[in-house]
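Here are some notes for a colleague who is meeting this structure for the first time. Please read them with the model open beside the text.

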Amino acid sequence: MTKNHHEIIICGAGMIGLTFALLMAEKKIKVCIVDKNDKKLLFTQQDNRTTAISQGSYRIYRKLGVWKKLKNEFQPINQIFVTEGLGSHDINFDHKNLKEGPLGFIVDNKLIKRTLLNEVSKSKYISFKYSTEIFNINNEDIDNSFIETKNSKLYFRMLVAADGRFSQTRYHANIKYYFHDYKQTAFVFNISHSKKHHGVALERFFPTGPLAILPVNNLKINQSSVVWTVDSGVANDEFRKNFRKEFEKKYDNFFGKLINLSEIKEYPLNVFSCYDIFKRNIVLIGDACQAIHPIAGQGFNLGLRDAFILAKTLEKSKELGLEPFNLNLMKSYENMRKIDKNLLVNATHNLNGLFSGSGKFKSLFRKAGLRMFSQSTFLKNQSMLFAMGLRSLEA
């Protein structure tokens, strides 16, 4: 093939796109990654957020040989306490009850991104086109499909869109999706506190939105990462002016005295969910296919399962001597992903609706539900297995 002809092109060099490329390289299938950013920017991006890596996702990275490259710069989650408001620990999810290892891991985004980029750059099966912005996609003829860029055309047999929540690939492919604006803002920042967190995560549900505090691996200070969701009507200028004071009320010295807050980033919350996972020879994975509410911290892991199962599907295609795009295999892939995708999209959407908002009936319903969960070992264990990515949901 010439330099402008590729079997498989991946649009987007985010964590999902990079991981998918490595999964394909593991199967000795060549791919080309296309990204609008230049190489220097990709390797030096300062993303101060963290990602919750489920036990199932950790096992994928361990098999790829990526996890050992993190050199223990990650934080295991050993317990998750769930409460309504400042109440007692209504539910305690403890990894010891399952003997499957930690419930998950918290990893700095910039660390895992840099590790993935380094691994991709070493693979002979992965080529990279930096500073390449897509202006149009033509795939009316599957045998003559191409991307139009500023300077050239890139021909492909299959195009994998991994370019995020506001996917340009999805736009150019005219793939329809469901969209809902939650009218909420996520405030993301780190805190330092006086007591050790011992690998404990906290999820507190308030009428104005949920608060998640996640343990961070830092040998110098006691640190946690915070995702605080607040209704946009509440998050006004007065709220921002008194931000630390408002947060301290919700934090309630859970890990001891609050010492410091890092720079605060704000993100408007919404959901995108595509009605079709693929269209002709274009397939969507990760946030390009479904970008969900962060209430359960499952968006990244859902996208990683997309990448993992698509890679297995394309490996099967290769073994059968078929083209990367095969309609029957792609329908099979779509069926395998439907239950997992729809369940999490709906679960996070409904959980946010249930645990946000005031009202006596809602409050009583929430308390009853949390009490039922707390008293049922079976429900807690099944929920943990699902959240850990160890419960298969393939059709």
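1. A three-stranded sheet is a convenient place to begin: this open sheet has 3 strands in the order 3-7-4, with antiparallel pairing, where strands are DSSP runs of E of at least two residues, helices are DSSP runs of H or I of at least four, both numbered from the N terminus, and two strands pair if DSSP finds at least two bridges between them. Its edge strands, each pairing on one side only, are strand 3 (50–54) and strand 4 (75–77). On average, neighbouring strands of this sheet are turned by 30° against each other, direction ignored, with axes fitted as lines to C-alpha atoms, for helices over the stretch in contact, and angles running from 0 to 180 degrees between N-to-C directions.

2. On the provenance of these values, this is a predicted model, in which local features need pLDDT of at least 70 and side-chain atom pairs count only at pLDDT 80 or more, while totals for chains, interfaces and linings use all residues. Residues are numbered from 1 along each chain as its sequence is written, and side-chain values use heavy atoms, with hydrogens and water left out.

3. Strand 4 and strand 7 (residues 104–108) run antiparallel and are joined by 3 bridges, and within this pairing Gln-75 stands opposite Ile-106 in strand 7. Helix 4 (residues 109–122) lies across strand 3 and strand 7, and runs at about 85° to strand 7.

4. Helix 3 (residues 55–64) is largely enclosed by the rest of the structure, because 7 of its 10 residues are buried, a term that means under 20% relative accessible area, with a 1.4 Å probe and protein chains only. Among the buried residues of helix 3 are Tyr-58, Ile-60, Tyr-61 and Leu-64. The buried residues of this helix pack against helix 1 (15–26), strand 3, strand 7, helix 4 and helix 8 (299–319), and just after helix 3, Gly-65 takes a positive phi of about 80°.

5. Turning to the whole chain, the protein has 11 helices and 20 strands. The radius of gyration is 22 Å, close to the 21 Å that the globule rule gives for 395 residues, so the chain is as compact as a globular protein of that length; this radius is taken over C-alpha atoms, and the rule is 2.2 Å times the number of residues to the power 0.38. Along its principal axes the C-alpha trace spans about 60 × 45 × 40 Å.

6. Buried residues make up 52% of the 395 residues in the protein chain.

How values were computed: Contact = heavy atoms within 4.5 Å. Buried < 20%, exposed > 50% of the residue type's maximum accessible area, 1.4 Å probe, protein only.
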